[in-house]
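Good morning, everyone, and thank you for making time for this. Please have a look at the structure on the screen before I go on.

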Amino acid sequence: MINPMKETLSKIISRLNQGRVLVVGDMVIDEMVYGTTHRLSREAPVLILRHERADIILGGGANAAHNVSKLKAKRTTVVGISGKDYYASLLNDALQRDGIDTAGLIQDEDRPTSTKTRISGIANHSVTQQIVRIDRESNAPISARIENQVLDTLSQLAPAFDALLLSDYGLGVFTPAVIAHCQALSKKHGLMMAVDSQQDLSAFQGATILTPNQPEAEKNVGYLLDTPQAVLQAGQDLLRKTNGQNVLITRGESGMSLFERQDGSAEPVATNIPVFNHSEVFDVTGAGDTVVGTLTLALTAGATLLEASILGNLAASIVVKRFGAATTNPQELQAALESVDDALLKQVQQAVASA
């Protein structure tokens, strides 16, 4: 007998290709440079690597967009900033390579294209190891001139989308004016607004859902989430602080805690979602982008907040098995859903029933 929740989630996955998501925020590329150890330099006591290859991977808000695109969204477009430099073309090419519309990518000659270059080496019969990371970025707020371009671009693009996904890595895009404009456009055009921010969540008032991880939630509420009571209190405090509709706290191996406002209820409904993958966790880089990207797209496909959160959890359980900022696709998501223990989904259903 098919689990009813699995059947519902499967239908939502099949409708992911109907959603249109506008991703607003800090666009980053991860430049991965690989080489083999060659010899020690005569100039200094450092290794010389013989260059083998360089990979360009989307990071930051661009990785959130990549996750949406790989889930076969009908349209994925970004609004963000690049520099006017060598790396700008790499960012633009990588976005287009991964099926993302760059109509909202604005060049600012006064800023670098946000780039994290990781140089890794390998010796004979050894494993690849990162040697150094070089960050090219600015966290200064964008100028008034660029801000106006962002506002105009948002006004032009937003009506054609079902949801706004705001991805804030603290690199200057989210000025008060940009946030306020996203809020206004969300209300005017009936768009869902999901927020994934490493900064002060109180700046993003009235979002459909905010998705902090546990350290980000702790930073915002000012205390540790080290007990079930503290987690429950944090959900309530975050909703009050942000005037948000819903909050999803991602908690690593402890799963996720979803807090939903209910009409007529003094307190939010809290549901704990267990981890679907306790083993084979190799790299959690970008898992938060996967969660918010999957969740946002699932909401455009008619999912409830709980159903969308479960799918976000499931998608994250796939990408953490891979190194670097990874993505998944509908076929993998369907296969992973089929392999989930029915007892875990029953656990979630019972938690909802008792809420």
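Which residues in helix 6 meet which residues in helix 7? Ala217, Asn220 and Val221 in helix 6 touch Ala234, Asp237, Leu238 and Lys241 in helix 7, where contact means heavy atoms within 4.5 Å. Sorted by class, this contact holds four nonpolar, one polar and two charged residues, with Ala, Val, Leu, Ile, Met, Phe, Trp, Tyr, Cys and Pro counted as nonpolar, Asp, Glu, Lys and Arg as charged, and the others, Gly among them, as polar.

I should say early that this is a predicted model, in which local features need pLDDT of at least 70 and side-chain atom pairs count only at pLDDT 80 or more, while totals for chains, interfaces and linings use all residues. Residues are numbered from 1 along each chain as its sequence is written, and side-chain values use heavy atoms, leaving out hydrogens and water.

Let me turn to salt bridges, each being a side-chain nitrogen of Lys or Arg within 4 Å of a carboxyl oxygen of Asp or Glu; by this rule there are 11. Asp237, which we met in the helix contact, also forms a salt bridge with Arg240, at 2.6 Å from N to O, and both residues lie in helix 7, three residues apart, about one turn of the helix.

Arg118 pairs with Asp30, with the closest N and O atoms 3.2 Å apart, and this pair links strand 6 to strand 2 across 88 residues, the strands and helices being DSSP runs numbered from the N terminus (helices H or I, at least four residues; strands E, at least two). Arg118 is buried at 15% relative accessibility, and Asp30 is buried at 9%, where buried means under 20% relative accessible area, exposed over 50%, and partly exposed in between, using a 1.4 Å probe and protein chains only.
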